[in-house]
Amino acid sequence: MTEAEQEKAPDLTALEQEGEIAADYVEGLLDIADIDGDIDMDVEGDRALVSVVGLKSTELVGPEGEVLEALQELTRLAVHRQTGERSRLMLDVAGYRERRRAELTKLGTEIADQVKDRGEPKSLQPMTPFERKIVHDAVAAAGLRSESEGEEPNRYVVVLPA
């Protein structure tokens, strides 16, 4: 491995530490809220992934994942406070993000097909950065290009013809 590759490679130990800090933080929140759930930790690519599993309700996800997004930001802040490093940690609750990833991948592929057929750009509804990335990846896999436009929280994807 070259020196440049080593610099780009994620530090697995640091990501595992992020996951442990985040898991402890989320577990504390679950205890305070008296919510039963188990915590799974993993490293996916260049980010730690912490999942709350075994929940029967969606109160920690909220409408359109809003509560989950807020919990993720609080968890990232807790990690930053202990490590001093910015975290790209991903938090999932009750499999919401995985289901959303599948939905958005399908949407990106379908919109790319429509744009190929019509030859006209297509704008989508505003999305979170996580959601936009999934759509961009699906559009790229379909052989087209996409861009994000607008300002947060109303930033959206535009799929462009070839």
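This section describes the two sheets, the helices packed on them and the nonpolar cores of a predicted model.

The first sheet is open and consists of three strands in the order β1-β2-β3, with mixed pairing. Its edge strands are β1 (38-44) and β3, each of which pairs on one side only. From one strand to the next, the twist averages 20°. Strands β1 and β2 run antiparallel and are joined by seven bridges; Glu44 has Arg47 in β2 as its bridge partner. Helix α2 lies across β1, β2 and β3, and runs at about 160° to β1.

Helix α3 comprises residues 66-83. For its 18 residues, a rise of 1.5 Å a residue predicts a span of 26 Å, and the end C-alpha atoms are 26 Å apart, so the expected and computed values agree. The buried residues of α3 are Leu68, Leu71, Gln72, Thr75, Arg76, Ala78 and Val79. Because these residues cover an arc of only 160° around the axis, they lie on the same side of α3. The face turned away from this buried side carries the exposed residues Glu66, Leu77 and Arg81. The cover over the buried residues of α3 includes α2 (12-33), β2 (47-53), β3 (90-93) and α4 (96-118). Just after the helix, Gly84 adopts a positive phi of about 80°.

The largest nonpolar core contains 19 residues, of which Leu30, Val50, Val52, Leu55, Leu60, Leu91 and Val93 touch the most other members. At least two residues of this core come from each of α2, β2, α3 and β3. The greatest contribution to this core is that of α2, with five residues. For Val50, neighbours within four places in sequence being left aside, the residues in contact are Gly19, Ala22, Ala23, Ile39, Asp40, Met41, Leu89, Met90, Leu91 and Asp92. Another core, of 16 residues, lies apart from the largest one; among its members are Met90, Ala112, Ile134 and Val135.

The second sheet is also described as open, with three strands in the order β4-β6-β5 and antiparallel pairing. Strands β4 (122-126) and β5 stand at its edges with a single partner strand each, and therefore one side of each has no neighbour in the sheet. The twist in this sheet averages 20° from one strand to the next. Strand β5 (residues 145-149) is joined to β6 (residues 156-160) by five bridges, and the two run antiparallel. Within this pair, Ser146 stands opposite Val159, and Ser148 is opposite Val157. The two strands form a hairpin with six residues between them, and Gly150 in the turn has a positive phi of about 90°.

Two helices are associated with the second sheet. Helix α4 lies across β4 and β6, its direction being at about 155° to β4. Helix α5 (residues 129-141) packs on the sheet and touches β4, β5 and β6, and its direction makes about 160° with that of β5.

Conventions: Residues are numbered from 1 along each chain as its sequence is written. This is a predicted model: local features need pLDDT of at least 70, side-chain atom pairs count only at pLDDT 80 or more; totals for chains, interfaces and linings use all residues. Side-chain values use heavy atoms; hydrogens and water are left out. Helices (H or I, at least four residues) and strands (E, at least two) are DSSP runs, numbered from the N terminus. The expected span of a helix is 1.5 Å times one less than its number of residues. Buried means under 20% relative accessible area, exposed over 50%, partly exposed in between (1.4 Å probe, protein chains only). The arc is that of the directions from the helix axis to the C-beta atoms. Contact means heavy atoms within 4.5 Å. Two strands pair if DSSP finds at least two bridges between them. A nonpolar core is a set of buried Ala, Val, Leu, Ile, Met, Phe, Trp, Tyr and Cys residues joined through side-chain atoms within 4.5 Å. Axes are lines fitted to C-alpha atoms, for helices over the stretch in contact, and angles run from 0 to 180 degrees between N-to-C directions.
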